[in-house]
Amino acid sequence: YRRTRTECNGTLPSLPNGLTPCAATTQGFGEATYGTQLESWSAFGESTLNFSERLRGIVGLRYTSDDLSYRHLRVSTYPADVGGIRASRPLTTGSTTESGVSGRVGLQFDATGDVMVYGTASRGYKGPAYNAFFNMRSIDDFAISKETSDSFELGLKSLLLDNRLRLNLAVFNTKFEGYQANYPDTVGGVIVTRFINAGDVTTEGVEVDFEAQVTEGLTVFGALAYTDASVDKFRCPQGASCPPLDGATLPFAPEWKANIGVNYAMDVFGDKRVDFGLSYTYQDDTQYDLSVNPLSVQPQWEVIDATIALSGPNDRWRFALLG
């Protein structure tokens, strides 16, 4: 990766358009060669244990081993750091090894022939990383540690009313340790995105979705999700300036999301089908920056979609008009 900097040495009189040309220019540059290499292996298995015709157990286990290394070399024409380009840095290498055990256990119970309830407990693992980039510094030589998570879920899956209504419900809670995330920072006068261990976070909520075959041609469907995702304890990266983020909302996690729609299908011209569809989608305010920048909040939005479609025999082709 190469970055060039052009500087103005003295100026000429201003032009009629208001621009001031340079009398002369000089150029300097920085060029960096860097990368990472990962070797990973794992062994895993899962089994379903049938305790009875209605009660089942799920057991899964996985062991993962990661060997990660990096290299970085930067050559610069500047003896000291300038905006956007840091001074030369000799070839630097490093490596780390991490391993993790992940898996899940759970129970499934057929309350009736059409209703199944379940509960699971899961352990997650995400391997280490290096934040290798153009303006890499000595504080970036340390590996980003592994991320682990503990998740619990209770739910219901059902087919009701003679299989004309599908209804699913889930309640979940997940806690992350060593949460890996992108964080904005200023390095060498330039804003960069650093990959960090952001600390401990929790996400929990409820999800429900359904699809109902009201008549032979009329289908109604929808989903609703409530999510409370927040930072429990934030770990500010070395050398960075961080606002208070304990309790802050996690990025990419709107509190409410919902959609509902209807589709009516009817046969036409013998072996063809026409569909009339209408749907409504809603998403709550969404933060897209871990540093909780107020300018990075997308306000809530709503979308209404309408569709008219004509399908050929056995759905071999489809022509649709969408708005």
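In this predicted model, G277 touches V262, N263, D305, A306 and T307, leaving aside residues up to four places away in sequence. The glycine sits in strand β13, which covers residues 272-283. Buried means under 20% relative accessible area, so G277, at 18% relative accessibility, counts as buried. Another residue worth finding on the way is T219: 58 residues separate G277 and T219 along the chain, and their C-alpha atoms are separated by 9.4 Å.

A second residue to look at is Y63, whose place is in strand β3, residues 55-76. With a relative accessible area of 33%, Y63 is partly exposed. The contacts of Y63, not counting residues up to four places away in sequence, are W41, S42, A43, S99, G100 and V101. One of these partners, G100, is 37 residues from Y63 along the chain, and the C-alpha atoms of Y63 and G100 are separated by 5.9 Å.

The nonpolar interior comes next. The largest nonpolar core has 15 residues, and those touching the most other members are Y179, A198, F234, L250 and L290. Two or more residues of this core come from each of β8 (180-187) and β11 (218-234). Strand β11 gives the most, with 3 residues. L290 offers a good starting point for tracing the surroundings of this core. Not counting residues up to four places away in sequence, L290 touches A181, N182, Y183, A198, V231, F234, L245, L250 and P251. Among these partners, A198, F234 and L250 are also named with L290 as core residues that touch the most other members. Apart from the largest core lies another, of 6 residues, including Y130, F133, M136 and V192.

How many disulfides does the model contain? The count comes to 2. A disulfide is a covalent bond between the sulfur atoms of two cysteines. One of the pairs joins C8 to C22, with an S to S distance of 2.1 Å. This pair links distant parts of the chain, 14 residues apart: C8 is in strand β1 (residues 2-8), and C22 is in the loop between β1 and β2 (25-50). The torsion about the S-S bond of C8 and C22 is about -135°, so this disulfide is left-handed. Both ends of the bond can be described by their accessibility: C8 is partly exposed at a relative accessible area of 38%, and C22 is partly exposed at 33%.

The other disulfide is formed by C236 and C242, with sulfur atoms 2.0 Å apart. Because the torsion about the S-S bond of C236 and C242 is about 80°, this disulfide is right-handed. C236 counts as partly exposed at 35% relative accessibility, and C242 counts as partly exposed at 24%. When bonded cysteines are counted along the chain, the disulfides follow the pattern 1-2, 3-4.

Attention now turns to open space. Rolling a probe the size of a water molecule over the atoms shows where empty space is left. The largest pocket holds about 300 Å³ of space. Its lining is made up of 15 residues, and A143, I144, N197, P237 and Q238 lie nearest the centre of the pocket. By class, this lining has 8 nonpolar, 4 polar and 3 charged residues.

A last stop is the backbone of one loop. Most residues other than glycine have a negative phi. Which residues between β6 and β7 have a positive phi without being glycine? L161 has a phi near 50°, a positive value in a residue other than glycine, and N163, also not a glycine, has a positive phi of about 65°. L161 lies in the loop between β6 (147-160) and β7 (165-177), and N163 lies in the loop between β6 and β7 as well. Is L161 buried or exposed? Exposed means over 50% relative accessible area, so L161, at 62% relative accessibility, counts as exposed.

Technical notes: Residues numbered from 1 in each chain as written. Predicted model: local features only at pLDDT ≥ 70, side-chain atom pairs only at ≥ 80, totals over all residues. Heavy atoms only, no water. Helix = DSSP H or I, 4+ residues; strand = E, 2+ residues; numbered from the N terminus. Buried < 20%, exposed > 50% of the residue type's maximum accessible area, 1.4 Å probe, protein only. Disulfide = S-S within 2.5 Å. Core = buried A, V, L, I, M, F, W, Y, C linked by side-chain atoms within 4.5 Å. Contact = heavy atoms within 4.5 Å. 1 Å grid on protein atoms, 1.4 Å probe; cavity = no way out; pocket = protein on both sides within 12 Å on 5 of 7 lines; lining within 4 Å. Points joined across faces, edges and corners; volume = space filled by probe spheres on them. Nonpolar A, V, L, I, M, F, W, Y, C, P; charged D, E, K, R; others polar.
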